[in-house]
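The following exercises are to be worked with the sequence and the three-dimensional structure in view. Each task is followed by a solution in steps.

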Amino acid sequence: MKILLAVDGSENSVRATKSLIEQLSLFKEAPQVDVVTVHLPLPNVGTAHMITKEIRDQYYKEECDEALAPTIALLDAAKVPYKAHRLIGPVAETIVKAAGDLGSTVIYMGTHGRTGMAKVVMGSVATKVLHLAQVPVQLVR
């Protein structure tokens, strides 16, 4: 089994991580865990405000590391092996593509993220992942 744990640093991501850690003991063999965070691409602001690739890449790394930090701390404390992935793109689509590219058998994620633009029952990213995913999606509230 290969689990893609999609996180954004929010409290819901922390709850999803804790839930996953609790459920790992139910498996006969430890599944592979891929922790994925996705950052939206920076907008193209034109040539007057160009930034170097190095500055942009450092910005993405710092932002993604901040989003990964709570989950990595929990997984490390629980001694759960994982691989962390920092991705750039439209969030839901990139999560689903990563699940396919990594051979994930399930996507595990919180129902709401950091954006604060949540729908009544679940956030727009979770809703879109549910619609796009070709594998089961486990949502944690």
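The model is a predicted one.

**Exercise 1.** Determine which residues lysine 83 contacts, leaving aside its neighbours within four places in sequence.

*Solution.* Begin by locating the residue: lysine 83 belongs to strand β3. With its neighbours within four places in sequence left aside, lysine 83 is in contact with Gln32, Val33, Asp34 and Val35. Next, consider aspartate 34, which lies 49 residues from lysine 83 along the chain; the two C-alpha atoms are 4.9 Å apart.

**Exercise 2.** Classify lysine 83 as buried, partly exposed or exposed.

*Solution.* Recall the cut-offs: a buried residue has under 20% relative accessible area, and an exposed one over 50%. The relative accessibility of lysine 83 is 49%, so the residue counts as partly exposed.

**Exercise 3.** Test whether the span of helix α2 agrees with its number of residues.

*Solution.* Helix α2 covers residues 53-77, which is 25 residues. At 1.5 Å a residue, and counting one less than the number of residues, the expected span is 36 Å. The C-alpha atoms at its ends are 34 Å apart, which agrees. Then follow the course of the helix: α2 has a kink of about 45° at alanine 69, shortly before proline 70. After α2 comes lysine 79, with a positive phi near 60°.

**Exercise 4.** Identify the buried residues of α2 and what covers them.

*Solution.* The buried residues in α2 are Tyr60, Cys64, Ala67, Leu68, Thr71, Ile72 and Leu75. Their cover includes β1 (2-6), α1 (11-24), β2 (32-39) and β3 (83-88). A link between α2 and another part of the chain can be followed through valine 35, whose contacts beyond four places in sequence include Leu68, Thr71 and Leu75.

**Exercise 5.** Describe the nonpolar cores of the chain.

*Solution.* Start from a general tendency: in soluble globular proteins, nonpolar side chains tend to be buried together. The largest nonpolar core has 15 residues, of which Ile3, Leu5, Leu20, Val33, Val35 and Tyr108 touch the most other members. At least two residues of this core come from each of β1, α1, β2, α2 and β4 (106-110). A second, separate core has 14 residues, among them Leu4, Val36, Val38 and Ile95.

**Exercise 6.** State the order of helices and strands along the protein chain.

*Solution.* The chain contains four helices and five strands. Read along the sequence, they follow the pattern β-α-β-α-β-α-β-α-β. Finally, of the 141 residues in the chain, 37% are buried.

Conventions:
Residues numbered from 1 in each chain as written. Predicted model: local features only at pLDDT ≥ 70, side-chain atom pairs only at ≥ 80, totals over all residues. Heavy atoms only, no water. Bend = angle between axes of the 7 residues up to and from the residue. Buried < 20%, exposed > 50% of the residue type's maximum accessible area, 1.4 Å probe, protein only. Contact = heavy atoms within 4.5 Å. Core = buried A, V, L, I, M, F, W, Y, C linked by side-chain atoms within 4.5 Å.
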